[in-house]
Amino acid sequence: MKSLLCLAPILAAGAALLASCAAPGTTETSRIPVSASMQSSGTNRSESQMATAVFNEINAYRQSTGSFKLKRHAGLDRLAQKHCEFLRQNRGSFSLKGKNVSHMGFAGRTLYAKQAYNVENISENVAATSDPGSNPAKTFLRLWKNSPDHHKNLKMEWTYSGVGVVVDDDGMAFATQIFATVGNFQMSSRERFLQH
């Protein structure tokens with residue numbers, strides 16, 4: 001019971017922070033600690049292996065198009081996994097195609113990633129499929145390649161990526177991939193030189 005009372009101020013601060021992100025003209029931000037639920041997503045081994053397969057499939061595709069290989073980021077993995085869990089819990093209630101996917105909460109994920117991981121540009125791809133087939137990683141890549149905006153994200157110059165995958169009891173699979181870049185202030189002179 002005492003731990004619930006301690007979590008109340010943190011949850012209230014998180015709600016206030018997310019609400020302030022939507023307010024026009026608000027530029028002041030503050031750091032809040034990550035809740036215990038954000039730190040441990042409860043991902044099972046199979047979902048974790050699928051997330052790794054999606055990450056590897058995306059990197060193989062990027063390399064085939066001449067794009068730089070992404071670095072895996074554990075913090076972005078947790079954010080992506082948490083979003084997949086949200087999609088599963090709320091499936092059927094979104095207004096996008098198929099009503100099983102949404103970027104809801106993206107502003108909050110962006111703000112958190114910028115503050116916690118010191119990354120600059122952030123984007124995400126989400127997908128859901130009731131038929132992931134024998135190779136879900138290839139299925140998600142195909143879905144994203146067939147969408148112009150998602151395909152653009154796949155090929156842009158990103159530094160890091162995090163991937164989450166959740167499979168519901170009926171086989172519906174959800175994937176989120178978050179992309180991010182580091183700022184020039186975090187890069188060595190050599191890394192900046194090699195980018196140009």
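1. Two strands are treated here as paired if DSSP finds at least two bridges between them. By that criterion strand E3 (residues 160-167) pairs with E4, since eight bridges join the two, which run antiparallel. Within this pairing, Gly162 stands opposite Ile178 of E4. E3 and E4 form a hairpin with five residues between the strands, and there Gly171 takes a positive phi near 95°.

2. The model is a predicted one. Its mean pLDDT is 75, with 68% of the residues at 70 or more. Residues 1-42 need separate mention: pLDDT stays under 50 over this stretch, for which the model has 25 contacts beyond four places in sequence.

3. On the overall layout, the protein has eight helices and four strands. Their order along the sequence is α-α-α-β-α-α-β-α-α-β-β-α. Of the 196 residues, 40% count as buried. The exposed surface comes to about 11200 Å², of which carbon and sulfur atoms supply 54%. Among contacts between residues at least 6 apart in sequence, 65% join residues at least 24 apart.

4. Strand E4 (173-182) is largely enclosed by the rest of the structure, because ten of its ten residues are buried. Ala173, Ala175, Gln177, Phe179 and Thr181 point one way from the strand, while Phe174, Thr176, Ile178, Ala180 and Val182 point the other way; all are buried.

5. E4 also pairs with strand E2, in the antiparallel sense and over nine bridges. One position to check on screen is Asn125, whose bridge partner in E4 is Gln177. Gln177 is among the buried residues of E4, and so is Ile178, the residue opposite Gly162.

6. Which residues of helix H6 (residues 136-145) are buried? They are Pro136, Ala137, Thr139, Phe140, Leu141 and Trp144. The elements that cover them include H3, strand E2 (119-129), helix H7 (148-155) and strand E4. An α-helix has 3.6 residues a turn, so residues three or four places apart point the same way.

7. Thr129 belongs to strand E2. Its relative accessibility is 12%, so Thr129 counts as buried; the cut-off for buried is under 20%. A polar atom of the Thr129 side chain lies 3.1 Å from the backbone nitrogen of Asp131. Leaving aside neighbours within four places in sequence, Thr129 is in contact with Thr139, Phe140, Leu143, Gly171, Met172 and Ala173. Of these partners, Thr139 and Phe140 are among the buried residues of H6, Gly171 is the residue with positive phi in the hairpin of E3 and E4, and Ala173 is one of the buried residues of E4.

8. Asn59 lies in helix H3 (residues 45-64). Is Asn59 buried or exposed? At 3% relative accessibility, Asn59 counts as buried. A polar atom of the Asn59 side chain is 2.7 Å from the backbone nitrogen of Leu70. Beyond its neighbours within four places in sequence, Asn59 is in contact with Lys69 and Leu70.

9. Ser48 is also found in helix H3. With 36% relative accessibility, Ser48 counts as partly exposed. Asp77 is 29 residues from Ser48 along the chain, and the C-alpha atoms of the two are separated by 9.7 Å.

How values were computed: Residues are numbered from 1 along each chain as its sequence is written. This is a predicted model: local features need pLDDT of at least 70, side-chain atom pairs count only at pLDDT 80 or more; totals for chains, interfaces and linings use all residues. Side-chain values use heavy atoms; hydrogens and water are left out. Buried means under 20% relative accessible area, exposed over 50%, partly exposed in between (1.4 Å probe, protein chains only). Contact means heavy atoms within 4.5 Å. Accessible areas come from the Shrake-Rupley method with a 1.4 Å probe; for residues, only the protein chains shown count as cover. pLDDT is the predictor's confidence in each residue, from 0 to 100. A polar contact is a pair of N or O atoms within 3.5 Å; within protein, one must be able to donate a hydrogen and the other to accept it, and residues adjacent in sequence count only if both atoms are side-chain atoms.
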